[in-house]
Amino acid sequence: MFDGRDPVYLQIADQIRQDVLSGALAAEEQVMSTTQYATTFRINPATAAKAFAQLVDEGVLYKRRGVGMFVAPGARERLLAEARESFFADTVDPVADAARVLGIDVEEIVARLRARAARPAPEGESR
């Protein structure tokens with residue numbers, strides 16, 4: 001599972017964020033403990049704990065003393081807002097800059113996006 005170039009604790013944190021964004025983990029739902037993570041994925045418990053600490057600092061998870069870690073209320077909405085802002089900054093803004101250089105009107109871009117959005121989703125992809 002953890003074979004990317006990023007440190008394992010960042011990959012764990014990213015996976016949990018994606019699970020919250022997709023709805024696989026709902027608000028107030030308990031997540032695996034650091035020990036369960038370490039056992040399941042054969043990693044050092046301190047690595048899992050580092051990921052969880054980061055997510056607590058970000059407000060994605062919170063700890064109930066003696067019970068475990070849970071998804072924070074509103075975490076999905078915060079992550080969605082951050083992802084949308086990142087999408088506009090990383091994807092839309094460069095497209096707008098390139099379109100300006102190429103002399104493409106905003107209306108042409110919007111028409112293209114509408115046409116693309118009207119096409120059926122590729123197999124296996126949901127909208």
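A residue counts as buried under 20% relative accessible area, as exposed over 50%, and as partly exposed in between. With 37% relative accessibility, E58 therefore falls in the partly exposed class. This residue is a convenient way into the structure, which is a predicted model, because its side chain takes part in a salt bridge with R17, at 2.9 Å from N to O. The pair joins distant parts of the chain, with E58 in helix α3 and R17 in helix α1, 41 residues apart.

R17 has a further partner. A salt bridge also connects R17 with D14, and here the closest N and O atoms lie 2.4 Å apart. In contrast to the link with E58, which spans two helices, this one stays within helix α1, where R17 and D14 are 3 residues apart and so separated by about one helical turn. How exposed or buried are the two residues of this pair? R17 has a relative accessible area of 14% and is therefore buried, while D14, at 35%, is partly exposed. Through the shared partner, D14, R17 and E58 belong to one network of salt bridges. The buried arginine R17 is thus bonded on one side to D14 and on the other to E58.The structure holds 4 salt bridges, and another of them involves a loop. E28 pairs with R64, the closest N and O atoms being 2.8 Å apart. E28 belongs to the loop between α1 and α2, and R64 to strand β1 (residues 61-64), so this salt bridge ties together parts of the chain that are 36 residues apart in sequence. Both partners are partly exposed, E28 because its relative accessible area is 37% and R64 because its relative accessibility is 33%.

The backbone of E28 deserves a look as well. Most residues other than glycine have a negative phi. For E28, however, phi is near 70°, a positive value in a residue other than glycine. The loop that holds E28 runs between α1 (8-22) and α2 (34-41). R42 also has a positive phi, near 55°, and is likewise a residue other than glycine. R42 sits in the loop between α2 and α3 (45-58). Whereas E28 is partly exposed at 37%, R42 counts as exposed because its relative accessibility is 78%.

Two pairs of C-alpha atoms help to place other parts of the chain. L21 is a residue of helix α1 and is buried, because its relative accessibility is 17%. From the C-alpha atom of L21 to that of M32, 11 residues along the chain, the separation is 17 Å. G59 lies in the loop between α3 and β1, and its relative accessible area of 21% makes this glycine partly exposed. Between G59 and R78, which are 19 residues apart in sequence, the C-alpha to C-alpha distance is 8.8 Å.

Attention now turns to the empty space in the model. Rolling a probe the size of a water molecule over the atoms shows where such space is left. The largest pocket has a volume of about 270 Å³. Which elements give two or more residues to the lining of this pocket? They are α4 (75-102) and α5 (106-118). Of the elements, α4 gives the most, with 6 residues. The lining consists of F87, T91, V92, V95, A96, A99, I104, V106, I109, V110 and L113. By character, these residues divide into 10 nonpolar and 1 polar, with no charged residue.

One of the lining residues, I104, also appears on the surface. Together with V101 and L102, I104 forms a nonpolar patch with about 320 Å² of accessible area. L102 is placed in helix α4, and this leucine counts as exposed because its relative accessibility is 64%. I104 is therefore a residue that belongs both to the lining of the largest pocket and to the nonpolar surface patch beside V101 and L102.

Note on methods:
Residues numbered from 1 in each chain as written. Predicted model: local features only at pLDDT ≥ 70, side-chain atom pairs only at ≥ 80, totals over all residues. Heavy atoms only, no water. 1 Å grid on protein atoms, 1.4 Å probe; cavity = no way out; pocket = protein on both sides within 12 Å on 5 of 7 lines; lining within 4 Å. Points joined across faces, edges and corners; volume = space filled by probe spheres on them. Helix = DSSP H or I, 4+ residues; strand = E, 2+ residues; numbered from the N terminus. Nonpolar A, V, L, I, M, F, W, Y, C, P; charged D, E, K, R; others polar. Buried < 20%, exposed > 50% of the residue type's maximum accessible area, 1.4 Å probe, protein only. Patch = residues over 30% accessible without salt bridge, like charges linked within 9 Å, V, L, I, M, F, W, Y side chains within 5 Å. Areas by Shrake-Rupley, 256 points an atom, 1.4 Å probe, with all protein chains shown as cover.
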